[in-house]
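Visitor: I would like a close look at one part of this model, namely its salt bridges. Please take them slowly, and then place them beside the other local features.

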Amino acid sequence: MTQSFYITTPIYYVNGAPHIGHAYTSIAADVMARFKRLDGYDVFFLTGTDEHGQKVEKAARDAGLDTQAFTDRISADFKAMADAMGVSYDDFIRTTEDRHKASCAELWRRIERNGDIYLGHYEGWYAVRDEAFYDESELTTRPDGTRVAPSGAPVEWVREPSYFFRLSAFQDRLLTLYEENPEFVAPSSRRNEVTSFVKGGLLDLSISRTTFNWGIPVPDAPGHVMYVWLDALTNYITACGFPDENAPRWHYWPADVHFVGKDIIRFHAVYWPAFLMAAGLPLPKRVSSHGWWVVEGEKMSKSLGNVIEPRKLAETYGLDQIRYFLLREKPFGTDGSMSHPAIVSRINVELANDLGNLAQRSLSLIARNCGGILPARGPATEDDTALLTAAGALLDLVRVNIDRQTFHEGLEEIWKVIRAANGYIDRQAPWALNKTDKTRMGEVLRVLVDTIRVVATLLQPVMPSSMARMLDQLGVSADARTFAALETPLTDGQTLPPPQGVFPRYVEPVA
Ligand code: ME8
């Protein structure tokens, strides 16, 4: 039976337009989803929108719109953004859907039945921007006297009746989870952060609110709506059909990897497994967190006016170019800066020169000197073998990096082979062989085609449409683009379509 693989993105708050941070998480998850599909897995890839809570309610009020109408509009925009960025999700969940309300109500009941929910009174700090409760000890005071959370979000004092989740009872079980599953939180620096947070002691968590009503009602508790993070995290099981364990998608649970930003790791690596333990449900296998993008050295913010709209970026530079940049420019787990010169350099050096020219040079020699017919391999020279061996080893190397979410290292492995192929073409000089040894020229070009084929096949998850075009030109039929298909050689003597450049250089527009 095909092995299943379940990947999620966070569900995004519908309080404003999507920006590049959202696109980044989704594209990284998309690359893994596409990679796993090509590697033979039965993938379920989920994204969607987080629509309840005070923050969204306030944004709707500020926009002068009915809350549901407002969330409908922004959620549709997030979906359009995912489509425009090539995010190949299998389901797009919205937390205002009935299936999700039913799922949350059932999860609540199960936790309650196990004795881990009790009614109390919450009095303390809350940051609407983070939708998070903070302890006094975590706060700092700004010069103007405002109290702020570590994220910089202002906090307000909240006092209301509330249901609590007995989070304090899960400390040991969580620590055992991290210890027995070192892969549960990634990267390891975040794992240490989470472990020390839990070791520091856990307070019970307020999981219902009574001072507003834009949320999922707590079962049999009029006036209480669920804390938005309990509601939001539950989306990952709702989409698998929870609570119906006979649902067609239930077998995908538990998730293989939740992709998250570093700001929301605590919710995913502490609260979420604790909720699931309390409900007696299996735990996700991994929470992989990424760092933040800053723009030209500055934090993105509405007030600085430097918020980057992902679709605009794709329009300016090309979608595949941007997907490549996002994964190549910085390690997944750390922060990184996005700037025009950095994007242009990746496009012109790595895509246009290293890869684009390599393919174009090899294929135009076949078009010109071999009548567009794919030549056969000959007896391998040492130089041929070195390149073909490096290309043959690539799938395993890239797979390891995808599984660890070290995307930039996976791309570097691919680029090592591209650079080796460029060295090879320069040394072998097939254009010169055209006059002296036509057979050997064909053999050299075939080694290059076979190498570029591996590279293009492995790059499909990152740059789907450009690599589809490159594989067309290499004569790889649409049904032979999986990783398993790399085992089957291309048919000698087939006619290749006329080569066309895949990666144009970025040229500054004339002002
Ligand atoms: O947190 N760089 O939603 P959200 C990189 N609804 N990533 C960034 C970023 C930046 N500058 N800014 C934001 C939520 N992000 C919750 C999730 S899941 C059950 C609920 C990333 O719309 C951020 O790190 O605030 C996070 O992973 C994602 O955008 C969601 O942001």
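Guide: What follows starts with the salt bridges and then turns to the ligand, the cavities and the unusual backbone geometry. The model is a predicted one.

Side chains of opposite charge can pair when their charged atoms come close. In this structure there are 40 salt bridges. Three pairs and one network are described here.

Take E51 and R94, whose side chains form a salt bridge with an N to O distance of 2.6 Å. E51 sits in the loop between β2 (42-50) and α2 (54-62), while R94 belongs to strand β3 (residues 91-94). The two are 43 residues apart, and the pair links distant parts of the chain. E51 counts as buried because its relative accessibility is 0%, and the cut-off for buried is under 20%.

The side chains of E183 and R286 make another salt bridge, at 3.2 Å from N to O. Both partners are in loops: E183 in the one between α5 (171-180) and β9 (185-186), R286 in the one between α9 (265-279) and β14 (287-290). They are 103 residues apart in sequence, so the salt bridge ties together parts separated by that stretch. The two ends have unlike surroundings. E183 has 51% relative accessibility and therefore counts as exposed, the cut-off being over 50%. R286, at 9%, counts as buried.

A third pair joins two helices. D426 and R361 meet through their side chains in a salt bridge of 2.8 Å, N to O. D426 is part of helix α15 (residues 407-428) and R361 of helix α12 (residues 340-369), so the pair ties together parts 65 residues apart in sequence. Relative accessibility is 45% for D426, which therefore counts as partly exposed. R361 is also partly exposed, because its value is 31%.

Salt bridges can also share partners. E106, R109, R110, R113 and E245 are joined in this way into one network.

Next comes the ligand. There are 23 residues around the ligand, and those that come nearest are I11, D50, G261, D263 and W293. Two of these nearest residues also appear among the polar contacts. In D263, a side-chain N or O atom is 2.6 Å from an oxygen atom of the ligand. W293 uses its backbone instead: a polar atom there lies 3.0 Å from a nitrogen atom of the ligand. H22 contributes a polar side-chain atom, 3.2 Å from an oxygen atom of the ligand.

The cavities come next. The model has 3 cavities of 30 Å³ or more, and the largest holds about 100 Å³ of space. Its lining consists of 14 residues, of which V398, I402, F407, L411 and V462 are closest to the centre. Helix α15, the helix that carries D426 of the third salt bridge, gives the most to this lining, with 4 residues. The elements that each supply at least two residues are α1 (20-38), α14 (394-403), α15 and α17 (438-459). By class, the lining of the largest cavity has 12 nonpolar residues, 2 polar ones and no charged ones.

The last topic is the backbone. Most residues other than glycine have a negative phi, and most peptide bonds are trans. Four places depart from this pattern, as set out below.

The peptide bond from A186 to P187 is cis, with omega near -5°. P187 is in the loop between β9 and α6 (188-199). Strand β9 also borders the loop that holds E183, the exposed partner of R286. A cis peptide bond also joins F242 and P243, where omega is about 5°. P243 is located in the loop between α8 (235-238) and β13 (257-261).

Two residues other than glycine have a positive phi. For E131 the angle is about 50°, and the residue is in the loop between β4 (117-127) and β5 (132-134). E131 counts as buried because its relative accessibility is 0%. For D220, phi is near 55°. D220 is in the loop between β11 (208-209) and β12 (225-226), and its relative accessible area of 74% means that D220 is exposed.

Notes:
Residues numbered from 1 in each chain as written. Predicted model: local features only at pLDDT ≥ 70, side-chain atom pairs only at ≥ 80, totals over all residues. Heavy atoms only, no water. Salt bridge = Lys/Arg side-chain N within 4 Å of Asp/Glu carboxyl O. Buried < 20%, exposed > 50% of the residue type's maximum accessible area, 1.4 Å probe, protein only. 1 Å grid on protein atoms, 1.4 Å probe; cavity = no way out; pocket = protein on both sides within 12 Å on 5 of 7 lines; lining within 4 Å. Points joined across faces, edges and corners; volume = space filled by probe spheres on them. Nonpolar A, V, L, I, M, F, W, Y, C, P; charged D, E, K, R; others polar. Near = heavy atom within 4 Å. Polar contact = N/O pair within 3.5 Å; in protein donor to acceptor, adjacent residues only side chain to side chain.
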